[in-house]
Every structure is written in structure tokens, then in C-alpha cells.
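Visitor: I would like to take a close look at a single part of this structure, slowly and with the reasoning spelled out. Could you walk me through one helix and its surroundings?

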Amino acid sequence: MKEKAEQIANKANGNNGNTNTNTPGNNPGNNADPNGSGNGGTKYGKPSNKGGGGLVASAPDVKENLTTAETAFKGSNYGETRYAIQQAMLGVELQIGQNILKSLPQTVAGLKADSAQDQVTSTGWGWAGLTIQRVYVTGEKQFTFTVANNSVWMQAVNMYLANNGYAQQTNGQQNWKQTRIKGYKAVIEYSEGSGYKLSVPLGQTSLLMFEGINFTSEQDMMNAANQIDIDGIKKALGEK
């Protein structure tokens, strides 16, 4: 009677009388596909992607988009005009970002540039959201240089710089302080967990950030940051 009841229950559950519910396709927790093929490389019967090469790195054609914008504007197609201008600006910013990366040294403080981590990001709206980053690393020592347009970061740094008479020490350790690098006002911070961070505002919109992990001292960090051509980057960005 018990076996008969189990068979009826299994038929109701779609097991066709098979009392072993731990088979591929019947066990929701099994890595095999639901079709019971037992192939762990598929999910819901679909093959997993194993290649493709990704997308080709390219920037919008500036001249082409400016021509499109002009034509669209003459035809009172303002939506298309707006889009084409944004694409043209995006192309300009990506090209500026690539030019800045090319101008950076291949080594800083004995650390080699990791070109695989180079980044240029832009929203195409007049520097808003523009980010350029390069990482230098050897072993456990790392130096990261970032050019960013971030209003929140700029506000925080400018707040520090506006409070000339304010400083904070904890247990005799200076957490942050104002400094200068190549004539520019800056804020340098130190954390036991993340190391050194030097923030340098440029003009009204751009912020340079230098981050150092496992640097031996503040001076060691400053020497590394001094290897970056700040004036050249300022000029490339069009900051005054």
C-alpha cells in the first residue's frame, strides 16, 4: 500500500513512477539543465557563451556628428541635433582622455604602468562624468592616478581647503592636511587600511587624485605624484 501510494504521488508530480527524485532535471538544486541532459555547461537548455571577442573600442566621429547636427538643426529636428552634438562631445572627451593617458610616464616611483587597467569614461556632457585613470603596480605596491569630474569629491576637497585653520589628529596621527604640489593647493590623507590619497583640484570642474598603497612615507608619496605633468594635463583639459 505504501509503495502504491508513493507511485501515485510520483505520477502526480510528473516523475512517472520513478521514486528517485535526485536525478538531473528533477532536482531544482542540480547544476544540470532542466531537460535532464546532465550537461553542467548549459542553463535552461541554452549553451553558455565561451567567446566572441567583445566590442571594438571606438569613439564617435566628431566631424560626422557635427555635420549631422548642423543638417538636423537647419531642418528644425532639434532632438537629432541634440543627440549628434552629444555624440560629438563624447568623441572629443574620449580623444582627450586617450591623449592624456599617452602623455603619462610608463613608470612612476619604479612601478610599471598596467595598460590593461587604463580607463576613459565620459557621459558626453561637457566634462560632467569624465574619468581618466591609470594604475601603476609592482608586487604589493600600487600607485593610481585619476582625473575626474565629480561635484561631490570637488565639494569635499574645497571644503577642506576653505578651512585653513582646521586639522585633525587621532592618537598623534595626522589623518589629513593641506599641502601643495607644483604650486597647486592640495589635500593629502592617510589611512592604515587604504594608504595615501592626494587630491588636487584644477579650475572649476576637474580633480586630480593620486592614491598610493604600501608607500613608505608621505614624502615617498609626494615624490611619486611629482612625476605627473599637472600643468600639461590642465592645458589638455582646457582648465584655467
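Guide: What follows is a look at one helix, H2, with a few words on the whole chain before it and on a strand after it. Please keep in mind that the model is predicted. The chain has 240 residues, of which 31% are buried, and its secondary structure consists of 6 helices and 12 strands. Among contacts in the chain with a separation of 6 or more, 48% are between residues 24 or more positions apart.

Helix H2 covers residues 62-74, and a simple check can be made on its length: at 1.5 Å a residue its 13 residues should span 18 Å, and because its end C-alpha atoms are 19 Å apart, the expected and the actual span agree. At the start of this helix, a side-chain oxygen of Asp61 comes to within 3.2 Å of the backbone nitrogen of Lys63. After H2 comes Ser76, which has a positive phi, near 60 degrees.

Next, consider which residues of the helix are covered. Asn65, Ala69 and Ala72 of H2 are buried, that is, each has under 20% relative accessible area. Seen down the axis of H2, the buried residues fall within an arc of 70 degrees, so they line one face of the helix. The general geometry helps here: an α-helix has 3.6 residues a turn, so residues three or four places apart point the same way. What the buried residues of H2 pack against is helix H3, residues 78-103. On the other side of H2, by contrast, Lys63, Glu64, Thr71 and Lys74 are exposed.

For a second kind of element, turn to strand S7, residues 141-148, which is mostly covered, with 6 of its 8 residues buried. Strand S7 runs antiparallel to strand S6, residues 131-138, and 8 bridges join the two; one bridge pairs Gln133 with Thr146 in S7. The hairpin formed by S6 and S7 has 2 residues between the strands, and in this hairpin Gly139 takes a positive phi near 65 degrees. Strand S7 also pairs with strand S12, residues 206-213, in the antiparallel sense and over 7 bridges, and there Val147 stands opposite Leu208.

Methods:
Residues numbered from 1 in each chain as written. Predicted model: local features only at pLDDT ≥ 70, side-chain atom pairs only at ≥ 80, totals over all residues. Heavy atoms only, no water. Buried < 20%, exposed > 50% of the residue type's maximum accessible area, 1.4 Å probe, protein only. Helix = DSSP H or I, 4+ residues; strand = E, 2+ residues; numbered from the N terminus. Pairing = 2+ DSSP bridges. Expected span 1.5 Å × (residues − 1). Arc of directions from axis to C-beta. Contact = heavy atoms within 4.5 Å. Polar contact = N/O pair within 3.5 Å; in protein donor to acceptor, adjacent residues only side chain to side chain.
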